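Let's take a walk through this model together. Have the sequence and the 3D view at hand, and we will go from one helix outward.

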Amino acid sequence: MAKVLLAGESWVSATIDHKGYDPFPHTQVQIGCAQLLEVLRADGHDVTHLRSHDVAEFFPLTREELDVYDVVLLSDIGANTLLLPPQVFDQGRPAPNRLHLLRDWVRDGGGLMMAGGYLSFQGFGAKANYAGTAVEEVLPVTIHRWDDRVESPQGVQGTLTGTDHPVVAGLDETWPILLGYQELVATADATVLAEVEGHPLLAVRTVGAGRTLAFASDISPHWAPQEFMDWDGYGTLFSQAMTWLAADDSDEVA
């Protein structure tokens, strides 16, 4: 099974409760990927979760550190957090460009997945800002340079394209509702496995000796409602995605 680094999918909420004359400020770390971690680990994947506030400092800066993993999953973590480790942002010192590092690692055999969200692809107010970066070079999608979110509070359903592929083996043709997604454009050499409203929902690509996968919606609320996360296919989809991404180009199915 795959050794996975999941970076992102957490946030810190700062709240002030007012009780009459007295305010009480407090903060809390929120984890959005608890269910995904549970299902991946249950299927035997070895997953390390690097919370968003730790990514700038602790995400691998060298090829040796990155080579520990088979798959990197970026979820709801913007490009700036990867580009600005403390030695750059705080100390004004040079450091490796981790977007370049990820691109080169993929080309040499690594597996990279990006899941959708407010700080994925281009994201809310274009703040995720992966368009035009080295990461976009290896993804199976082209990213718009504007806010690419499609909020769908009415619920929209993903459907398989009918392409036979190990990532979607055994899944229902029509999926439970999602409440939003990123509008993306598949690259010419990508394989689109699922669509939503005519746009790529799930796409894969082989890049050099490596593999990449884009999932245009979220792995947790709000875009992934309970109907989607309780679906039997939820764990199957993402577990099979990790297995495929971790494989190398010598495997029978590419």
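Which residue with a positive phi follows helix 6? That residue is Gly109, and its phi is near 130°. Please keep in mind throughout that this is a predicted model.

Let's stay with helix 6, which spans residues 98-107. Just at its start, Asn97 turns a side-chain oxygen towards the backbone nitrogen of Leu99, reaching to within 3.0 Å. Is the helix enclosed or open to the surroundings? Buried means under 20% relative accessible area, and 7 of the 10 residues of helix 6 are buried, so the helix is largely enclosed by the rest of the structure. Among the buried residues are Leu99, Leu101, Leu102, Trp105 and Val106, and you will also find Arg98 and Arg103 on that list. As a reminder for reading such a pattern, an α-helix has 3.6 residues a turn, so residues three or four places apart point the same way.

Arg107, also in helix 6, is partly exposed because its relative accessibility is 37%. Its side chain meets that of Glu137 in a salt bridge, with 3.2 Å from N to O. This pair links distant parts of the chain, as Arg107 sits in helix 6 and Glu137 in helix 7 (residues 134-138), 30 residues apart. Glu137 counts as partly exposed too, at 38% relative accessibility.

Now look at charged pairs elsewhere. Side chains of opposite charge can pair when their charged atoms come close. The whole structure holds 9 salt bridges. One of these joins Asp46 and Lys3, whose closest N and O atoms are 3.0 Å apart. Here again distant parts of the chain are linked: Asp46 belongs to strand 4 (residues 46-50) and Lys3 to strand 1 (residues 3-8), with their positions 43 residues apart in numbering. Asp46 has a relative accessible area of 40%, so it is partly exposed, and Lys3, at 26%, is partly exposed as well.

Another salt bridge pairs Arg149 with Asp147, and there the closest N and O atoms are 2.8 Å apart. Arg149 is partly exposed at 22%, as is Asp147 at 27%. Salt bridges with shared partners also bring Arg103, Asp104, Arg107 and Glu137 together in one network.

Finally, turn to the surface. Val12, Val29 and Ile31 make a nonpolar patch of about 210 Å². Val12 lies in strand 2 (residues 10-19), and its relative accessibility of 48% means that Val12 counts as partly exposed.

Conventions
Residues numbered from 1 in each chain as written. Predicted model: local features only at pLDDT ≥ 70, side-chain atom pairs only at ≥ 80, totals over all residues. Heavy atoms only, no water. Patch = residues over 30% accessible without salt bridge, like charges linked within 9 Å, V, L, I, M, F, W, Y side chains within 5 Å. Areas by Shrake-Rupley, 256 points an atom, 1.4 Å probe, with all protein chains shown as cover. Salt bridge = Lys/Arg side-chain N within 4 Å of Asp/Glu carboxyl O. Helix = DSSP H or I, 4+ residues; strand = E, 2+ residues; numbered from the N terminus. Buried < 20%, exposed > 50% of the residue type's maximum accessible area, 1.4 Å probe, protein only. Polar contact = N/O pair within 3.5 Å; in protein donor to acceptor, adjacent residues only side chain to side chain.
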